[in-house]
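Please examine the structure shown here. The discussion takes the form of questions and answers.

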Number of protein chains: 2
Amino acid sequence: MKNVIVAQSGGPTAVINASLAGVVDTSIKQGLKVFGALHGIEGVLKNDLIDLTKKFSNPKMVDLLTKTPSSYLGSCRYKLANDFADSDYEKIIETFQKNKIGYFFYIGGNDSMDTVSKLSKYVERKNLDIKIAGIPKTIDNDLAATDHTPGYGSAAKYIALSITEVFHDISVYSKPSVMIFEIMGRHAGWLTAAAALAKSNGKQICDLIYLPEVTFSKKKVIQDIEKKLKTSSKVVIAVSEGVKLEDGTFLAASNETDNFGHVKLSGAGNSLKSIVEQNLKVKVRNVEFSLLQRASAHIASETDMLEAFNGGKKGVELAISGKNGFIVCMERTKQYQIEYVAKEVDKIANLEKTFPDSWINKDKNNVTKEAIKYMSPLIKGEVKHNFIDGLIEFLDISHLK
Amino acid sequence: MKNVIVAQSGGPTAVINASLAGVVDTSIKQGLKVFGALHGIEGVLKNDLIDLTKKFSNPKMVDLLTKTPSSYLGSCRYKLANDFADSDYEKIIETFQKNKIGYFFYIGGNDSMDTVSKLSKYVERKNLDIKIAGIPKTIDNDLAATDHTPGYGSAAKYIALSITEVFHDISVYSKPSVMIFEIMGRHAGWLTAAAALAKSNGKQICDLIYLPEVTFSKKKVIQDIEKKLKTSSKVVIAVSEGVKLEDGTFLAASNETDNFGHVKLSGAGNSLKSIVEQNLKVKVRNVEFSLLQRASAHIASETDMLEAFNGGKKGVELAISGKNGFIVCMERTKQYQIEYVAKEVDKIANLEKTFPDSWINKDKNNVTKEAIKYMSPLIKGEVKHNFIDGLIEFLDISHLK
């Protein structure tokens, strides 16, 4: 009997452990032994594994894992070399063979799917009977070929709800004010678009939504705000951390880059705040959702959590049936329902699904009804947590050192 | 029959409308007509009132009001003159007489209790049969003579839970990092102290807690962090927005002041982040809870919400029994339970209850078990919201222009 390794990579989400729970629970029910590699592919490289089989044979622990935010197995941002002669590949195979691994599941976003793509080709080239599969997660929702990604719905729900609550807060003073929410999304505006779900009295709260897919013009934005201030004392703005100016630079660029060479961003909201203060005599506040938007399990979308679990489950089923080099994608059926389908990782990895131009309004400062229709079902349902003395019971993560 | 005016003032909380619901519901049940003054005492000055009697005779609307965050009636930051000859006092009495007002309830924090104090003396001096009472609210918990203030428990719960979730997030990477949470509290450290409630695997998550009651020494803080980094790869810090340096200036002072002359603060977390980055080679992140910590009704403490409602109720009962110039205070009985008692506003207004020195640890960088024992019961219980399509039903606030 072959064993399983599962690992998690990239930025965590509120439901990335639900995907893990789906993989672990399904593998155990298939009679397989499951190892978790700590800190993504780095754990595989170092043979740094923990046996999950016993602990998660207990359905209570599977439930707790499903509801615990962030990556139970830790994460990494490690890129495999393009050259298969690189020693990393041998090290990985060594770990696989030492532990009699037949299946490797990698839960992650765009960058992690690059690892799945390379590794699945490598094992084929080496004629190894190991199935490599990608289980998608990312709050960014920027993965190609899937209707949406697990993690997106929960972050979208947190954002819509928090904007609604803060809108109640800023509404108490009568003097005009501008409220800015800075939302994650380096190149794709999906999560920022979710600000459109926030409603009060049936009306959309966000007056202006600026996505990275649209060039950010300071002049135009000031005009947009001035126009709104004529009819309303409160102007609510959602801005993506990744909006770019006419010259191609980020509104809030920094000099740092991460291991994948992406520029680190911070402060698009603060930059916009300064611009408004310099141009208009109005009180401006800025809320940066920061890590809260991807960690907030307490208000996770039940739809999202179930889909994450089922995606993990489907990945195991497909790998056991013999598939290699695939990603579990979701397809939306007519009356909202999700089908899980395997797609060739090669056709998806390293592609970025940006927000569709046709779902951005004519003024380029909001999203259309079609976009809202797409997002709405993803935030439905609430997760039933086990509250103890006012706090939520999450799994212990003291194994992550 | 005399009528009621109720108003809300100061910074909103997640449960300030629960206090309002307590006042409105109890008044209606006593057969009284209830007006809400829009934007606090400014609404009384301008006779800008809305009749709440009909709408909130419906128990469903009372329930919805109880669960809607922020101030349904709007807010203000308006200070009455010390001199009773000021024309404001006459204007207020004019509104009272025009609307046959016998009772005025002001829901607010320290500054609002100043208004209650002055107004209650003024009506006594003028021999007017109008009862003036203060219903406390503030996330700061800095009101003297009450065990705690409504609003504090919900903000404390939000902070404890959010820190727990973000701790799961930052734990996924193996390299050392410092995580800073900036928490509201200009002069009193109660809310920052609530960071001590965040736990993982039974252990307190926050390694270091810096309150405004303790002088902030940059040198000492760097030493504290260095020491923690020797035994742990993650150092979690809660810092109050109001911490002051040895020279008495705020760590994050700005040049602006509000209407009460308080210096506006922003960025203690960012300042601390810069200090750490300049002194230690370690990754540092900063989350500023900003308005989220006082608006987050979705994770409000049920204990807090019930206490807020009952405080409003008790205020009405005491005023009807003939009391004037009081604040509804809470006293804790042995096995956690709350008694609502009237205390003379004069002995409370303009006093600030800072965090007790005896509840700060010897190293001046955390709080004691006694402090945790005090805070723990305040965050118990979850509010049952009505979720519609993944979002929470709140009351419409379109009357706030």
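The turns below concern a predicted model and the reasoning behind several of its descriptions.

Q: What makes the relation between chain B and chain A a two-fold rotation axis?
A: Chain B is superposed on chain A by a rotation of 180° with 0.0 Å of shift along the axis, at an RMSD of 0.0 Å. The two copies are thus related as by a two-fold rotation axis. In chain B, the C-alpha of B:E288 is nearest the axis, 3.8 Å from it.

Q: How do you know that the copies meet through the same surface?
A: Of the interface residues of chain B, 100% are also interface residues in chain A, so the surface is the same. The contact takes 64 residues from chain B and 64 residues from chain A.

Q: Why is the pair B:R294 and A:D169 called a salt bridge?
A: The criterion requires a side-chain nitrogen of Lys or Arg within 4 Å of a carboxyl oxygen of Asp or Glu. The side chains of B:R294 and A:D169 meet at 2.7 Å, N to O, so the pair satisfies the criterion. Across the interface of chain B and chain A, four salt bridges are found.

Q: Why does B:N201 count as partly exposed?
A: Partly exposed lies between the cut-offs of 20% and 50%. B:N201 has 45% relative accessibility and therefore belongs to that class. B:N201 is in the loop between β7 (199–200) and β8 (203–204) of chain B, and its phi is near 55°, a positive value in a residue other than glycine.

Methods. Residues are numbered from 1 along each chain as its sequence is written. Chains are lettered from A and ligands numbered from 1 in the order in which they are written. This is a predicted model: local features need pLDDT of at least 70, side-chain atom pairs count only at pLDDT 80 or more; totals for chains, interfaces and linings use all residues. Side-chain values use heavy atoms; hydrogens and water are left out. Copies are superposed by least squares on the C-alpha atoms of residues with pLDDT of at least 70 in both. Contact means heavy atoms within 4.5 Å. Helices (H or I, at least four residues) and strands (E, at least two) are DSSP runs, numbered from the N terminus. Buried means under 20% relative accessible area, exposed over 50%, partly exposed in between (1.4 Å probe, protein chains only).
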